[in-house]
Amino acid sequence: MTTPELKIKICDNLHLSSILESDKAALLKHLDSKEIYNTTLNIPSPYLVADADFWIRKRIEHTRKQGKEVTFAIRDDDAGLIGVIGADGYEFGLNHRAEFGYWLARPYWGKGIMTDAVKTYVHYAFTELELLRLTAHVFAFNPASARVLEKNGFKLEGHLRKHFCKDGNLIDAHLYGLLKEDLL
Ligand SMILES: CC(C)(COP(=O)(O)OP(=O)(O)OC[C@H]1O[C@@H](n2cnc3c(N)ncnc32)[C@H](O)[C@@H]1OP(=O)(O)O)[C@@H](O)C(=O)NCCC(=O)NCCS
């Protein structure tokens with residue numbers, strides 16, 4: 001197995017690290033999930049081999065061009081990739097803020113994992129990516145994600161009515177934001 005280039009500890013058995021070609025099988029397994037599809041915007045359903053190939057290739061190219069990781073695998077020492085967290089569209093040095101997102105494989109929900117992963121990512125973003133502001137848009141019917149953000153100090157900055165359109169349905173969203181100075 002290839003050794004990930006960057007490894008950032010979340011807790012004893014979990015860490016953030018680079019997305020690898022070898023993550024394809026885990027993506028296909030974990031993203032074959034309506035529950036994850038329903039509360040996210042950019043994950044296709046059904047999730048196909050071509051989707052995994054495309055996304056992995058984009059991630060690897062992005063890292064090569066930027067010279068910085070902006071999106072990570074959430075890795076369990078035994079199970080490998082169990083989730084993803086990152087700001088796919090962020091280009092290093094071009095903006096002071098970034099929108100980020102995350103998902104966790106269904107069997108791992110409710111154990112505090114994403115709360116800890118977000119804490120680790122926020123620290124990385126404010127130090128290594130030189131960001132001053134992070135935002136996240138959460139569907140109004142996703143209280144678990146809102147809670148993860150609130151537990152990490154994010155402030156509810158707005159209720160966005162009919163902000164997203166998914167499968168023909170208009171969806172209200174909550175905008176959460178965190179400033180680097182909020183953590184000082
Ligand atoms: C949202 C998600 C990342 C949460 O990950 P997780 O590791 O289970 O989250 P945590 O265990 O760290 O924290 C979840 C919190 O939400 C709370 N929660 C869960 N379901 C809830 C509900 N229906 N109503 C209110 N709170 C809820 C939990 O009690 C916990 O808070 P607590 O620690 O104060 O008790 C995960 O469910 C997921 O991947 N969902 C699908 C993808 C997604 O929604 N991504 C985010 C898009 S914005």
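A polar contact is a pair of N or O atoms within 3.5 Å; within protein, one of the two must be able to donate a hydrogen and the other to accept it, and residues adjacent in sequence count only if both atoms are side-chain atoms. The structure used in these exercises is a predicted model, in which local features need pLDDT of at least 70 and side-chain atom pairs count only at pLDDT 80 or more, while totals for chains, interfaces and linings use all residues. Residues are numbered from 1 along each chain as its sequence is written, and side-chain values use heavy atoms, with hydrogens and water left out.

**Exercise 1.** Describe the surroundings of D23, beginning with its place in the chain.

*Solution.* Begin with the helices (DSSP runs of H or I, at least four residues) and the strands (runs of E, at least two), which are numbered from the N terminus. D23 belongs to the loop between strand 2 (14-17) and helix 1 (24-30). Next, take its accessibility, where buried means under 20% relative accessible area, exposed over 50%, and partly exposed in between, with a 1.4 Å probe and protein chains only. D23 has a relative accessibility of 3%, so this residue counts as buried. Then look for neighbours, using contact in the sense of heavy atoms within 4.5 Å: leaving aside residues up to four places away in sequence, D23 touches S18, I56, A73, R75 and L81. Finally, the side chains of D23 and R75 are joined by a polar contact of 2.8 Å.

**Exercise 2.** Work out how strand 8 and strand 9 are arranged.

*Solution.* Two strands pair if DSSP finds at least two bridges between them. Strand 8 (residues 155-166) and strand 9 (residues 169-179) pair in the antiparallel sense, over eight bridges, and H159 stands opposite H174 in strand 9. The two strands form a hairpin with two residues between them, and in the turn D167 has a positive phi of about 50 degrees.

**Exercise 3.** Decide whether K34 is buried or exposed, and say where it lies.

*Solution.* K34 is found in helix 2 (residues 34-38). Its relative accessible area is 52%, so K34 is exposed. As a further step, compare K34 with P44, 10 residues apart from it along the chain: their C-alpha atoms are separated by 9.9 Å.

**Exercise 4.** Give an account of the protein as a whole.

*Solution.* Start by counting: the protein has five helices and nine strands. Of its 184 residues, 47% count as buried. Lastly, the C-alpha trace spans about 45 × 40 × 30 Å along the principal axes.
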